[in-house]
Amino acid sequence: MKKESKIVGVGLITAIASSLCCIVPVLALISGTTGIASTFDWLEPFRPFLIIFTVLMLGFAWNQKLKKEVNCYCANNEKKSFFQSKLFLSFITVFAISMTFFPYYSSAFYSTPKKNIIVVNNANIKTINLKITGMTCSSCEEHINHTVNQLNGVLNAKSSYENGNAVIEFDKTKTTKNEIEKAINLTGYKVIKQ
């Protein structure tokens with residue numbers, strides 16, 4: 001039973017590790033410590049391997065659990081603990097799957113600020129394209145968009161981890177490029193000076 005518990009534990013840890021780079025920005029937003037958002041971006045290249053390892057570990061755990069039940073003709077009806085049950089393994093499996101797919105639904109944790117921006121003069125509207133390092137998934141994009149959209153005068157912010165940039169439209173009478181860059185840098189991602 002200890003071997004099965006270790007296998008489940010390893011599967012759970014690798015599932016969390018596979019999406020840790022995407023979970024941290026959400027946790028940072030919730031806790032108010034946005035500067036640590038890009039702390040685990042170094043894990044992104046290992047994500048496919050961690051996902052495969054998670055699937056293998058959980059598959060092996062399920063195989064052992066089901067094989068043991070099929071091959072056991074024991075007269076011993078001793079009650080097993082919750083941690084040795086199929087129900088517990090099911091919870092772990094569902095949790096691991098939800099952690100693995102976290103980057104695809106992480107945007108649900110970021111609220112869209114409601115703004116009433118009055119543009120007095122269209123000549124004051126400026127669009128900038130900033131190069132940003134550290135983004136590895138859609139959760140990173142949402143973190144930057146959420147932070148920048150909270151600035152006064154920002155009309156639209158659209159970041160892309162694939163392109164490593166953010167395109168921001170703002171009223172230059174209400175905010176500046178430097179303020180936008182500073183807000184992005186405070187999230188833990190870094191604006192590359194061009």
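**Exercise 1. Which residues make a nonpolar surface patch of about 560 Å²?**

Solution. This is a predicted model: local features need pLDDT of at least 70, side-chain atom pairs count only at pLDDT 80 or more, and totals for chains, interfaces and linings use all residues. Residues are numbered from 1 along each chain as its sequence is written, and side-chain values use heavy atoms, without hydrogens and water.

Step 1. Recall the patch rule: its residues have over 30% relative accessible area and no salt bridge, and nonpolar side chains (Val, Leu, Ile, Met, Phe, Trp, Tyr) are joined within 5 Å. A salt bridge is a side-chain nitrogen of Lys or Arg within 4 Å of a carboxyl oxygen of Asp or Glu. Areas come from the Shrake-Rupley method with a 1.4 Å probe.

Step 2. Name the members: Ile97, Phe101, Tyr104, Tyr105 and Phe109.

Step 3. Place one of them. Phe109 sits in the loop between α4 (102-105) and β1. Its relative accessibility is 44%, so Phe109 counts as partly exposed (buried is under 20%, exposed over 50%, partly exposed in between).

**Exercise 2. State the order of the helices and strands in the protein chain.**

Solution.
Step 1. Count them: six helices and four strands. Both are DSSP runs (helices H or I, at least four residues; strands E, at least two).

Step 2. Read from the N terminus: α-α-α-α-β-α-β-β-α-β.

**Exercise 3. Find the largest nonpolar core and its best-connected members.**

Solution.
Step 1. Use the rule: buried Ala, Val, Leu, Ile, Met, Phe, Trp, Tyr and Cys residues, joined through side-chain atoms within 4.5 Å.

Step 2. The largest core has 17 residues; Ile132, Val148, Ile168, Ile180 and Ile184 touch the most other members. At least two residues of this core come from each of β1 (125-133), α5 (138-149), β2 (154-160), β3 (165-171) and α6 (177-186).

Step 3. Follow Val148. Leaving out residues up to four places away in sequence, Val148 touches Val154, Ala157, Ile168, Ile180 and Ile184. Contact here means heavy atoms within 4.5 Å.

Step 4. Look elsewhere. A separate core of twelve residues includes Ile7, Val8, Ala15 and Phe88.

**Exercise 4. Explain why Cys140 forms no disulfide.**

Solution.
Step 1. Apply the cut-off: a disulfide needs a pair of cysteine sulfur atoms within 2.5 Å.

Step 2. Check the distance. The closest cysteine sulfur to that of Cys140 is in Cys137, 3.9 Å away, so it is too far for a bond. The disulfide count is zero.

Step 3. Check burial. Cys137 is buried at 5% relative accessible area, and Cys140 is buried at 1%.

Conventions:
Buried < 20%, exposed > 50% of the residue type's maximum accessible area, 1.4 Å probe, protein only. Patch = residues over 30% accessible without salt bridge, like charges linked within 9 Å, V, L, I, M, F, W, Y side chains within 5 Å.
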